[in-house]
Amino acid sequence: MPRRALAAAVVALVLPLSACGSGGDNSGSTDASGKVEGDITFQTWNLRANFKPYFEGLVADFEKKYPGTHVKWVDQPAEGYADKISADAAGGTLPDVVNVSPDLVAPLAKAGLALDLDKAAAKYKKEYLPGAWASHEIPGTQGTYAFPWYLNTGPLFYNKSLFEEAGLDASKPPKTYDELFDDALELADKSDGKVATLANVPTIEDFGRYGVELMNKEGTAFAFNDAKGVELLTKYKKLYDAKALDPQALTATPESSGKKFLTGAVAMNPGSALDLGNFKKQAPNLYKNIGITDQITSTGKVNMYVMGVMVNARTKQTPAAVAFAHFVTDAQNQMSFAKKVAIFPSTAGSLDDPYFTKEDGTDETRVRVAAAKSLKNAINYTPVLFSEQMKTELRNSVAKALQGKVSPKEALDNAVKACDRLLQQQG
């Protein structure tokens, strides 16, 4: 799939931060009840190019609401964003208000650099969806460390004509994992291995959606090598051997998987409402035959990606920084942002707006309405402590299992061991 307008909303490709340790000197204050005034800096993540007027308007509205405040808006490119935050954290130059994802918050919270909103801004908690507010909690640590901002999720797209050619009923796409794996084997068999159904190896969120316990409650050890985890990987091995999983899945990226789907080499691909316009433009034949179905899950809860807005615990302007972080993420401002791009607000009640509930016969609104409905009880399956290095360890272990170099059980045992070791190094 081509780079999405808000790639970060869909998947945060970030490196682990090096900030570690606990507490430290807090020159800031957790008291946000004082007068909202002073100068603060707000940092976003790769949003200036597409949304400059929106953010300039947002800043102007805030400064008008609170005379005596001044917000300096800075935007960082997607590339190297985690490194930039890490360097700023180490150098004491972290902005007052920072656009983050949950995995970026974890090390900052552990280093005493993220303000605990359960203490400083508890009165706002009820304004947000419970799953979204909880997404910036850190296992083993008390508190919530960022306001939830925009959410994303998406359906599974499928190619109806490929289903029909294999003799499958295109009006009845798979709804369960068993149906998915059965259909995938059928498609591969009928096409002599030319049509794979899936283009990606299972990731941590796939194990979560399958109902695998990913981590212990204390956040001190991973647990995805349980019987259910082994079962999922064993099923993927069967798909891989039958060419029902694309042979290049071991090295696939979201972009390469998207291309395979566009060209008809793969029958199903996850996506978001942002993709429909792209199908229409780049693959009109596929667009005519596009099927849209729900994410497959054993838990009844879909996966959501979530962005947050964190307040630097060492800001000199706590009242202004908290007020601004809340302002950016309040229902009115989230709603207006959601109408500019295919993302979803994390504020309670916003998803009941007719914009997210009324269909007008177009595929775009159909996807939007379905996604909004599923987000009400969606969860962010990726553990906040699961770093990029850990994702690589899991991916490498999964690849070895699919290639038959180790058993699925051994592969997941090795991945858990490596991830636990990295977890201990995080401090």
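# Briefing: two sheets, a covered helix and a pocket

Strand β1 (residues 38–45) runs parallel to strand β2 (residues 69–76), and eight bridges join the pair. The structure is a predicted model. β1 and β2 belong to an open sheet of five strands, in the order β2-β1-β3-β8-β4. A second open sheet has three strands, in the order β6-β5-β7. The points below take the sheets in turn, then a helix, some single residues and a pocket.

**The five-stranded sheet: layout**

- The pairing in this sheet is mixed.
- β2 and β4 are the edge strands. Each has a single partner strand, so one side of each lacks a neighbour in the sheet.
- Neighbouring strands are turned against each other by 20° on average, with direction ignored.
- Strands of a sheet pair through backbone hydrogen bonds, and they do so either parallel or antiparallel.

**The five-stranded sheet: β1 and its partners**

- In the pairing of β1 with β2, F42 stands opposite W73 of β2.
- The chain leaves β1, passes through helix α2 (residues 48–65) and arrives at β2. This β-α-β crossover is right-handed.
- β1 also pairs with strand β3 (residues 97–100). That pairing is parallel and has two bridges.
- Q43 has V98 of β3 as its bridge partner.

**The five-stranded sheet: β8 and its partners**

- β3 and β8 run antiparallel, joined by four bridges.
- In that pairing, V98 stands opposite M310 of β8. V98 is also the bridge partner of Q43.
- Strand β8 (residues 305–311) is joined to β4 by four bridges too, and these strands run antiparallel.
- Two residue pairs mark this contact. F147 stands opposite V309 in β8, and P148 has G308 in β8 as its bridge partner.
- β8 is largely enclosed by the rest of the structure, because six of its seven residues are buried.
- Strand β4 (residues 147–152) is mostly covered, with six of its six residues buried.
- In a regular strand, side chains alternate between the two faces of the sheet.

**The three-stranded sheet**

- Pairing in the β6-β5-β7 sheet is antiparallel.
- The edge strands are β6 (268–270) and β7 (290–293), and each pairs on one side only.
- From one strand to the next, the twist averages 25°.
- Strand β5 (residues 156–159) pairs with β7 in the antiparallel sense, over four bridges.
- One of the residue pairs here is L156 with T293, its bridge partner in β7.

**A covered helix**

- Helix α14 spans residues 318–328 and is mostly covered.
- How many of its eleven residues are buried? The count is eleven of eleven.
- Among the buried residues of α14 are T318, P319, F324, H326 and F327. The list also includes A320, A321, A323 and A325, as well as V322 and V328.

**Single residues: N46 and D192**

- Two residues are picked out here for their backbone angles. N46 has a positive phi of about 60°, although it is not a glycine. D192 has a positive phi of about 55° and is not a glycine either.
- N46 sits in the loop between β1 and α2. D192 lies in the loop between α8 (177–190) and α9 (204–209).
- Is N46 buried or partly exposed? N46 counts as partly exposed, because its relative accessibility is 31% and that class lies between the 20% and 50% cut-offs.
- D192 has a relative accessible area of 67%, so D192 is exposed.

**Single residues: K119**

- K119 has its place in helix α5 (residues 117–120).
- K119 is exposed, because its relative accessible area is 65% and exposed means over 50%.
- K119 and S374 are 255 residues apart along the chain. Their C-alpha atoms are separated by 30 Å.

**The second largest pocket**

- The volume of the second largest pocket is about 660 Å³.
- The pocket is lined by 24 residues. Which of them are closest to its centre? They are P139, I379, N380, Y381 and P383.
- The lining residues divide into ten nonpolar, ten polar and four charged.
- Rolling a probe the size of a water molecule over the atoms shows where empty space is left.

How values were computed: Residues are numbered from 1 along each chain as its sequence is written. This is a predicted model: local features need pLDDT of at least 70, side-chain atom pairs count only at pLDDT 80 or more; totals for chains, interfaces and linings use all residues. Side-chain values use heavy atoms; hydrogens and water are left out. Two strands pair if DSSP finds at least two bridges between them. Axes are lines fitted to C-alpha atoms, for helices over the stretch in contact, and angles run from 0 to 180 degrees between N-to-C directions. Buried means under 20% relative accessible area, exposed over 50%, partly exposed in between (1.4 Å probe, protein chains only). A crossover is right-handed if, with the strands pointing away from the viewer, the path from the first strand over the helix to the second runs clockwise. On a 1 Å grid over the protein atoms alone, a cavity is a set of points where a 1.4 Å probe fits but cannot get out, and a pocket is an open set with protein on both sides within 12 Å along at least five of seven lines; lining residues have an atom within 4 Å of a point. Grid points are joined across faces, edges and corners, and a volume is the space filled by probe spheres set on the points. Ala, Val, Leu, Ile, Met, Phe, Trp, Tyr, Cys and Pro count as nonpolar, Asp, Glu, Lys and Arg as charged, and the others, Gly among them, as polar.
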